[in-house]
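User: I should like to examine how the structural terms are justified for this model. Please set each value against its definition.

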Amino acid sequence: MDEGRDVFSFPVGEGGSARSAETDGARRKACSAKPNEPRGTGRRRTPPLARFASLTLPYREGRALALPLAILLLAPLPAQAGEPVFVDRAGDLPVVHVYDGGWEHFVGGGVAVLDCNGDEKPDLYVAGGANPAALLVNVTEGPGAPIRFVEGAQDGALGGDTGVTGAYPLDVDGDGVLDLAVMRVGANRLLKGGPDCGFTDATAQWGFDAGERWSTAFSATWEPGRARPTLAIGNYVDRSDPNGPFEACDVNELHRPEGELYGAPVLLEPGFCALSILFSDWSRNGRPELRVSNDRHYYVRGGYEQMWRLDPLEERVAADGWPRISLWGMGIASRDVTGDGLSEVMLTSMGDQLMKLNRGDGYENAPYSIGTYAQRPFLGDDGRPSTGWHAEFGDVDNDGRADLFIAKGNVDQMPSNAMKDPNNLLMQTPEGIFVERAAEAGVATTDRARGAALADLDGDGRLDLVVVNRRAPLEIWQNATPETGAWLAVTPREAGPNVFAVGAFVEVRTARGVQVQEITVGGGHVGGRAGPLHFGLGPAEAAELRVIWPDGTASEWVEAPVARRFEAIRDGETLVLR
Ligand SMILES: [Ca+2]
Ligand SMILES: [Ca+2]
Ligand SMILES: [Ca+2]
Ligand SMILES: [Ca+2]
């Protein structure tokens, strides 16, 4: 494979039309078209739900609210207190960090956010592709002070590692210190976290089969009774396939612990060129499943979005609520948006970015009017379809409603898609509609964005933003939104081995209702975040919270401090907050 060859620019026969996500049988048929056959007429199909005048949003306590969406959309959007504003802090970085490299780094470019020195300031481990990965240690003076980083030590296991596509923080060995799972083109690594952001390579010590594949996705869950998390690795194209790269997707891997070590990986077959995977208890039945989002660009035909059950290990099929859909899957975000406690998913792709509403036993496409499809650049005169990568929900203005960031950018020089493709900051309105505010907020940059993260880097209660770009410098944005609402940031902890309670659901209750977030490891685009769950609380002056632990036990509701970051430690049926 020539590194310089733009294998992403094969003729797609779109005629400039939007590459809409698949929604029904008629459109699924297009999946089986040869790559150079025209797909569709170039006209947007209305997603099925948008044909209806109202969207029924399930609410807590079994109440249903019929929302006259069409009427709401005709009315002017209500004034939002505190429009989002971000301040550019990239110029203060100690290094100019760029994700770069040939074909194998057209994808990837993730960032892991974790506090690696215990000072409660989130630090960054940023993939570099052909460039060395960077460890950036947060030295911001305090809440509201300009966000500052220094370079972390590049000795030891970090060692200026190249070939890194991304990384995820998690505590593999249950010692209460976050470790790193590093995804690479070639052997992956498990790095054990130590004091002062020191990491040691524990790949062999933990018996982990590092492989030699092109890894682009990761997720982890704790299966009952196990001493270590079960790790899943998503792999992209099989570089050793002489008939590749098209229709040459590699298999994915499930690494189950045997005692305190990992056994040989179980291969998840078929693989369809995964670019994001996520363990989530999406149906809230206590049994997390593995969602795999796959890139149709390389599987070309026959592939689809996958969902694996763990026990027994098997794929969901159409007969149990899993119709086959195909998209150019790049990233997964997960959050309950409708208020029923079930997490929606946001799947990034080329053209339409697809939000799927969770109905408990399956999903349906969100109506087009929800505002998250973001299929073309909203700025400039390039009308070609967008390319979406990392997606993340976070309440940027703390009004109590999750907003959505999507990193956008051309694969490299793909002529079918926009070259100047601004990132999206989609702010959720009280009606549950998302409206574009990236330009107003100052974050609508048009470099080839890949990974990203929303995290409160200065501890002021407002989520800041990190964006990793291919062939352009890392961006740091400090949230300076005025008049934001109340907030809290909570880190649940319990006795090991699953110290950080991955798989727990945290509920926060105010006068306005209950919000829920699941603690997950995975998703995004080759990057994730560990640390407090951030809840915006709007006008609330008081809040209660409870934790539904991974074993299904629900704690009592306890009064939660507002405007504070704290731990919620499991103590029998209650919580100790500190
Ligand atoms: Ca730190
Ligand atoms: Ca650890
Ligand atoms: Ca919000
Ligand atoms: Ca902040």
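Analyst: The model is a predicted one. Two strands are said to pair if DSSP finds at least two bridges between them.

User: What makes strand 22 and strand 23 a pair?

Analyst: At least two bridges are required. Strand 22 and strand 23 (residues 344-348) have five bridges in the antiparallel sense, so they satisfy the criterion for pairing. Within this pairing, Gly-331 has Thr-348 of strand 23 as its bridge partner.

User: How do you know that strand 23 and strand 24 pair?

Analyst: Three bridges join strand 23 to strand 24 (residues 354-358), again in the antiparallel sense; the requirement is at least two. Val-345 stands opposite Lys-356 of strand 24. The hairpin of these strands has five residues between them, and Gly-351 there takes a positive phi near 80°.

User: Why are strand 22 and strand 25 said to stand at the edges?

Analyst: The open sheet has four strands in the order 22-23-24-25, with antiparallel pairing. Strand 22 (331-335) and strand 25 (363-365) each have a single partner strand, so one side of each is left without a neighbour in the sheet. Neighbouring strands of this sheet are turned by 25° against each other on average, direction ignored.

User: Why is strand 23 called largely enclosed?

Analyst: A residue is buried if 20 or more other C-beta atoms lie within 10 Å of its own. Five of the five residues of strand 23 are buried, so the strand is largely enclosed by the rest of the structure. Glu-344, Met-346 and Thr-348 point one way, whereas Val-345 and Leu-347 point the other way.

User: Which strands are the edge strands of the sheet ordered 35-34-38-39?

Analyst: This open sheet has four strands and antiparallel pairing. Strand 35 (513-518) and strand 39 (558-560) are its edge strands, as each pairs on one side only. The twist averages 30° from one strand to the next.

User: What makes strand 34 and strand 38 a pair?

Analyst: Strand 34 (residues 505-510) is joined by five bridges to strand 38 (residues 543-548), and the two run antiparallel. At least two bridges are needed, so the term applies. Phe-505 has Ile-548 of strand 38 as its bridge partner.

User: Which residues touch the most other members of the largest nonpolar core?

Analyst: This core has 143 residues, and those touching the most other members include Val-126, Ala-167 and Leu-465. Not counting residues up to four places away in sequence, Ala-167 touches residues including Gly-110, Tyr-125, Leu-180 and Gly-527. Contact here requires C-beta atoms within 7 Å.

Notes
Residues are numbered from 1 along each chain as its sequence is written. Chains are lettered from A and ligands numbered from 1 in the order in which they are written. This is a predicted model: local features need pLDDT of at least 70, side-chain atom pairs count only at pLDDT 80 or more; totals for chains, interfaces and linings use all residues. A nonpolar core is a set of buried Ala, Val, Leu, Ile, Met, Phe, Trp, Tyr and Cys residues joined through C-beta atoms within 7 Å. A residue is buried if 20 or more other C-beta atoms lie within 10 Å of its own, exposed if 12 or fewer, and partly exposed in between; C-beta atoms are placed from the backbone. Two residues are in contact if their C-beta atoms, placed from the backbone, lie within 7 Å. Axes are lines fitted to C-alpha atoms, for helices over the stretch in contact, and angles run from 0 to 180 degrees between N-to-C directions.
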